[in-house]
Amino acid sequence: MIDPTIVLAVEQVESGGKWWVESPSGCVGVMQVCPRWSKFKRRQLFDPNVNRAEGERILEYWLTRAHGEWHRALAAYNCGNAGLEGRCGQSYARTVWSLAYPHAKLEQGKSAEKPNQKPPVEKPPAGSNNATDNKGGAA
């Protein structure tokens, strides 16, 4: 299973989280799944749950092909075998990774492990009644 943080970052880069988006190349939905890669019909891919499941399946495929190296798997999700071979998609991979893990650098040769350190959690001042979410990261 792919880390949901990565899935959400891919969705943001691919479609801005919009289920109705269709690219000029025919990819559709939140994760911009290409119908030729899917067992589902094109119209079914506009369902965010179907699209997300297919996008995760495709990302797992590329992660396996990339031997757990995220920079290659994300590049391949973006542009296929050329990304796997390092000929394109590096900027895409860095963008997705920086959205998912803003405090961790994506490096070549790294396995599919999550970053070891999370950003420090800011705590409200003592006596404060602040009920906001202070987990850090982008909203």
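Q: Which residues in α1 meet which ones in α3?
A: This is a predicted model. In it, I6, V10 and E14 are the α1 residues, and they meet W70, L74, Y77 and N78 of α3.

Q: What's the split there, nonpolar versus polar versus charged?
A: The residues in that contact of α1 with α3 come out as 5 nonpolar, 1 polar and 1 charged.

Q: And at what angle do those two helices pack?
A: About 40° between α1 (residues 4–15) and α3 (residues 70–79), and their axes are 12 Å apart. That angle makes α1 oblique to α3.

Q: Is the crossing of α1 and α3 left-handed or right-handed?
A: α1 and α3 cross in a right-handed way.

Q: OK, switching to cysteines. How many disulfides does a search of the whole structure find?
A: The search turns up 1 disulfide. C79 pairs with C88, with 2.0 Å between the sulfur atoms.

Q: What's the torsion about the S-S bond there?
A: It's about 120° for C79 and C88, so this disulfide is right-handed.

Q: Is C79 buried or exposed?
A: In between: C79 is partly exposed, at 26% relative accessible area. Its partner C88 is partly exposed too, at 23%.

Q: What about C27, where's the nearest cysteine sulfur?
A: That's the sulfur of C34, 4.0 Å away, and C27 is in no disulfide. A disulfide needs the sulfur atoms within 2.5 Å. C34 isn't in a disulfide either.

Q: Are those two buried or exposed?
A: C27 is buried, with a relative accessible area of 14%. C34 counts as buried as well, at 10%.

Definitions and conventions. Residues numbered from 1 in each chain as written. Predicted model: local features only at pLDDT ≥ 70, side-chain atom pairs only at ≥ 80, totals over all residues. Heavy atoms only, no water. Axes fitted to C-alpha atoms, helices over the stretch in contact; angles between N-to-C directions. Helix = DSSP H or I, 4+ residues; strand = E, 2+ residues; numbered from the N terminus. Parallel < 35°, antiparallel > 145°, perpendicular 65-115°, else oblique. Left-handed = near helix turned anticlockwise from the far one by under 90°. Contact = heavy atoms within 4.5 Å. Nonpolar A, V, L, I, M, F, W, Y, C, P; charged D, E, K, R; others polar. Buried < 20%, exposed > 50% of the residue type's maximum accessible area, 1.4 Å probe, protein only.
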